[in-house]
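Grab a coffee and open the viewer. Below is a short set of exercises, each with a solution worked step by step.

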Amino acid sequence: MKSNDLESQPSSTRHPGIDHLLTSESLKSLAHPLRVRIYDELSAYGPLTASGLAERLGESSGATSYHLRQLERAGLVREDETRGKGRERWWERRPGSIAIPDARTLAPGSAERLAVKLVEDEWFRSREQNFREFTAEGEYVFGPEWLDVATSDTINLRLTPEQLHGLVTDIDAVLMRYIDAYKRTPSPGSRPVQIHVNAFPLVRGEATGEPPSKEQP
């Protein structure tokens, strides 16, 4: 895959002009538990060597080296040539936000749909693990300047699809402002921060009924 292939892919409908929708080939290349973990690690913490990834993920450097090469062929990671000495190779994820296809558009039981499910499951597992690590170990790692501002909120509302879309659009606008300001130019003293925003209808909920009409006198 050429270096600009990812950027040339169509945008997702969720974030037009921002996310790059993975091709079937790239999706299948990513759809391996260790490859998703490697990709997530590079996304969250920046460039790392195969041995550094192996230590962080509890894997062998041979395994991480192999899967890094597969991700490189798929155009998802690349060598960071500004780092390393001698034969040491540093790897980074390619710039740009990625999106996976909507599973509803894929045939049930197809390789692509199974790949989407695997990648989604690994992403959810990674998010939960990161949050659990923070709640279990955060007070021993961070000072009050971090602990006092970190947050996890649960808010319950009753919204129509249009109202939920408006909420998500407003959240996206705020996130994009911070992405534009700090994604490529982090401030001194900054640390990797992960933001989870889940906004979805509850499966076991029921729709609000129409209010009773007032009887005419």
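The exercises go from the whole chain down to single residues.

This is a predicted model, where local features need pLDDT of at least 70 and side-chain atom pairs count only at pLDDT 80 or more, while totals for chains, interfaces and linings use all residues. Residues are numbered from 1 along each chain as its sequence is written, and side-chain values use heavy atoms, with hydrogens and water left out.

**Exercise 1. The overall layout**

Work out how many helices and strands the protein has, and in what pattern they follow each other.

*Solution.*
- Step 1: Count the elements, taking helices (H or I, at least four residues) and strands (E, at least two) as DSSP runs numbered from the N terminus. You get 7 helices and 5 strands.
- Step 2: Read along the sequence, and the pattern is β-α-α-β-α-α-β-β-β-α-α-α.
- Step 3: Get the dimensions: the C-alpha trace spans about 90 × 50 × 30 Å along its principal axes.
- Step 4: Check burial, where buried means under 20% relative accessible area, exposed over 50% and partly exposed in between (1.4 Å probe, protein chains only). Of the 217 residues, 25% are buried.
- Step 5: Look at contacts, meaning heavy atoms within 4.5 Å. Among those between residues at least 6 apart in sequence, 58% join residues at least 24 apart.

**Exercise 2. Helix α5**

Compare the reach of α5 with its expected span, then find where the helix kinks and what covers its buried residues.

*Solution.*
- Step 1: α5 runs over residues 111–141, which is 31 residues.
- Step 2: The expected span is 1.5 Å times one less than the number of residues, and here that comes to 45 Å. From first C-alpha to last, α5 reaches 42 Å, close to that value.
- Step 3: Now the bend, taken as the angle between axes fitted to the seven residues ending at a position and the seven starting there. α5 has a kink of about 50°, centred on Thr135.
- Step 4: List what's tucked away: Ala115, Val116, Val119, Glu122, Trp123, Ser126 and Gly138 are buried. Their cover includes α1 (24–30), α2 (33–45), β5 (97–99) and α6 (144–147).
- Step 5: Recall a bit of helix geometry: an α-helix has 3.6 residues a turn, so residues three or four places apart point the same way.
- Step 6: Apply this to Asp121 and Lys117, which sit 4 residues apart in α5 and are therefore separated by about one helical turn. The two form a salt bridge (a side-chain nitrogen of Lys or Arg within 4 Å of a carboxyl oxygen of Asp or Glu), with the closest N and O atoms 3.4 Å apart. Asp121 is partly exposed, at 35% relative accessibility.

**Exercise 3. Charged pairs**

For the Arg56–Glu41 and Asp80–Arg83 salt bridges, give the N to O distances, and say whether each partner is buried or partly exposed.

*Solution.*
- Step 1: The protein's total is 10 salt bridges.
- Step 2: In one of them, Arg56 and Glu41 meet at 2.7 Å, N to O. Arg56 lies in α3 (residues 50–57) and Glu41 in α2, so the pair ties together parts that are 15 residues apart in sequence.
- Step 3: Arg56 is partly exposed at 41%, whereas Glu41 is buried at 13%.
- Step 4: Asp80 and Arg83 meet at 2.8 Å, N to O. Asp80 is buried at 7%, while Arg83 is partly exposed at 40%.

**Exercise 4. Two residues and their neighbours**

Find what Leu53 and Pro47 touch beyond four places in sequence.

*Solution.*
- Step 1: Leu53 is in α3 and is buried, with a relative accessible area of 0%.
- Step 2: Its contacts are Ile38, Glu41, Leu42, Leu48, Thr64 and Leu68.
- Step 3: Pro47 sits in the loop between α2 and β2 (48–49).
- Step 4: Pro47 touches Leu42, Asp80, Arg83, Trp90, Trp91 and Glu92. The C-alpha atoms of Pro47 and Arg83 are 8.8 Å apart, although 36 residues separate them along the chain.

**Exercise 5. Far from Asp80**

Locate Gly205 and give its C-alpha distance to Asp80.

*Solution.*
- Step 1: Gly205 lies in the segment after α7, and is partly exposed at 49%.
- Step 2: Gly205 and Asp80 are 125 residues apart in sequence and 48 Å apart in space, C-alpha to C-alpha.
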